[in-house]
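Here are some worked exercises to go through with a structure open beside you. Try each task before reading its solution.

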Amino acid sequence: MNGCPNDISMSMAGETSQMKNPLMSNVFVTSDGRAIDLIPGWFEQKVWPLGAKSYQEFVDRVIDPQVNEESSHDDEVYPKSPVFFLRKLITPEAILQVLEESMIHFEGPVTLLDIGSGAAIIPRVLKLLGVCDAAYGVDIQDRSGDFSDQALTELISEVTRTLLQDEQSDVMKLLRGGDGVSTWTVPFSLPFVADMNRNLSMDGYYVSDFLKFDGAGRQYDLITTYAGLCYFDIRDYFEKVASLLNRGGVHYLMDTNYYHYYGESLELPLDAPWLHARVTRDDLFRYYREHHPDLESYVERGFFQKSSHCAVKNVIACAREFGLEALSYRRSYKTDELEKMHYRSGANLKFILQKVLTDCQAINPHVTYLDLISKAWTIVFKKAS
Ligand SMILES: C[S@@+](CC[C@H](N)C(=O)[O-])C[C@H]1O[C@@H](n2cnc3c(N)ncnc32)[C@H](O)[C@@H]1O
């Protein structure tokens, strides 16, 4: 995590469940009467990814281009470098593992749809790995040209060559670091488990809002979404996924976790840890109005999640309503974050378990401690045969 918090236990001393005068003290009072202490220095230590110097810049340069249909894909800062894509090579192997461990076996040729496909690295490598026979992608922006088939093939060959030559190579270090989103560190073994003679080209890449996508006239055996659920209302999303899946079809879903310190991909500036999760959405906007009026309009643009306060249990329950049963799930954690934050002191742990979790559960009773510590989660769903 950027700007990882250090000692948060000091916030426990002053925090009580009684109302405090919000004008007198450094406190935010929720509409259900809970007082949340704002921690001096917490706001200032936040650092944004991709070199953004402020939340305002982060919204303008990173979030807006990702969620705004009209914006220019060419102007955005979404990474396009081979190093970024190199890390993405790990992800399909992780997906393969999760599917295998969930005892997924397809009969006959498998047709894949990848939602929010981006540069389509994941579906193309899934094809190489033999997970699917045909791969289609849908994305609201056309990123299909970001990394050509030839560039992807060359990258895999180059990585393989370098990696096998010297295990201390820079490539090895990058791969060990995971892909930055999942924090998985699955060993890169593509050259051993993939048939490099397979055709890795996409069979179709559709530029469309997924919710308006008609499936291009087909049903799919496997639908994958990697870091994409957050853009949708989760009911609309699962209804659409269920409608496009064949009977017995499988949905692999990985998303960043709203309950991570700063709302994970939202990267919210906050005056207290997990503040966004401890208050309702309306209260969060009131907090900005009262404490950071200069940020309010930015948060309105930057808070792109249609469904907020979704814990893993909520996601599983929502999918079930549309006939998708969860077969397995896993979470990813960053050990350095856990060491610096949760397990830095008993007081920190007590604060998180007794104060933060209780506040979060006042808004959503389904939140668990694991929601507070995980960075991302993955769930595999199956539609009844
Ligand atoms: C965080 S990126 C992930 C890209 C890709 N899955 C990967 O892991 O490399 C999210 C992608 O979702 C796309 N996206 C956002 N809103 C969408 C929508 N309503 N319909 C389809 N795609 C969308 C964005 O354009 C972006 O390419």
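The exercises below go from the whole chain to helix pairs, single residues and the ligand.

Before you start: this is a predicted model, where local features need pLDDT of at least 70, side-chain atom pairs count only at pLDDT 80 or more, and totals for chains, interfaces and linings use all residues. Residues are numbered from 1 along each chain as its sequence is written.

**Exercise 1. Take stock of the chain.**

Start with secondary structure: the chain has 16 helices and nine strands. These are DSSP runs numbered from the N terminus, with helices being H or I of at least four residues and strands E of at least two. Next, burial: 41% of the 385 residues are buried. A residue is buried if 20 or more other C-beta atoms (placed from the backbone) lie within 10 Å of its own, exposed if 12 or fewer, and partly exposed in between. Finally, look at contacts between residues at least 6 apart in sequence: 75% of them join residues at least 24 apart. Two residues are in contact if their C-beta atoms, placed from the backbone, lie within 7 Å.

**Exercise 2. Describe how α4 packs on α5.**

Two packed helices are described by the angle between their axes and the distance between the axes. Helix α4 covers residues 90–101, and its axis runs 8 Å from that of α5, at an angle of about 60 degrees. Axes are lines fitted to C-alpha atoms, for helices over the stretch in contact, and angles run from 0 to 180 degrees between N-to-C directions. So α4 and α5 are oblique to each other; under 35 degrees counts as roughly parallel, over 145 as roughly antiparallel, 65 to 115 as roughly perpendicular and the rest as oblique. Now the residues: Thr91, Pro92 and Ile95 of α4 meet Ile122, Val125 and Leu126 of α5. By class, that contact holds five nonpolar, one polar and no charged residues. Here Ala, Val, Leu, Ile, Met, Phe, Trp, Tyr, Cys and Pro are nonpolar, Asp, Glu, Lys and Arg are charged, and the others, Gly among them, are polar.

**Exercise 3. Do the same for α9 and α13.**

The axes of α9 and helix α13 (residues 312–321) come within 9 Å and cross at roughly 45 degrees. That makes this pair, α9 and α13, oblique. On the α9 side, Ile234, Arg235 and Phe238 meet Val315, Cys318 and Ala319 of α13. Sorted by class, the contact of α9 with α13 has five nonpolar, no polar and one charged.

**Exercise 4. Follow Ala242 through the fold.**

Ala242 sits in α9, which spans residues 234–244. It counts as partly exposed because 18 C-beta neighbours lie inside 10 Å. Setting aside neighbours within four places in sequence, Ala242 is in contact with Phe322, Gly323, Leu324 and Lys383. As for Lys383, 141 residues separate it from Ala242 in sequence, yet their C-alpha atoms are 7.3 Å apart.

**Exercise 5. Check two positive phi values.**

Leu50, in the loop between β2 (35–37) and α2, has phi near 55 degrees, a positive value in a residue other than glycine. With 13 other C-beta atoms within 10 Å, Leu50 is partly exposed. Met103 lies in the loop between α4 and β3 (111–115), and its phi is near 60 degrees. With 10 other C-beta atoms within 10 Å, Met103 is exposed.

**Exercise 6. Which residues surround the ligand, and which are the closest?**

There are 20 in the shell, and the closest are Gly116, Gly118, Ile140, Phe210 and Tyr231. A residue is near a molecule if its C-beta atom, placed from the backbone, lies within 6 Å of it. Then assign elements: α2 (55–67), α5 (121–128) and β4 (134–139) each supply at least two shell residues. By class, the shell divides into 10 nonpolar, six polar and four charged residues.
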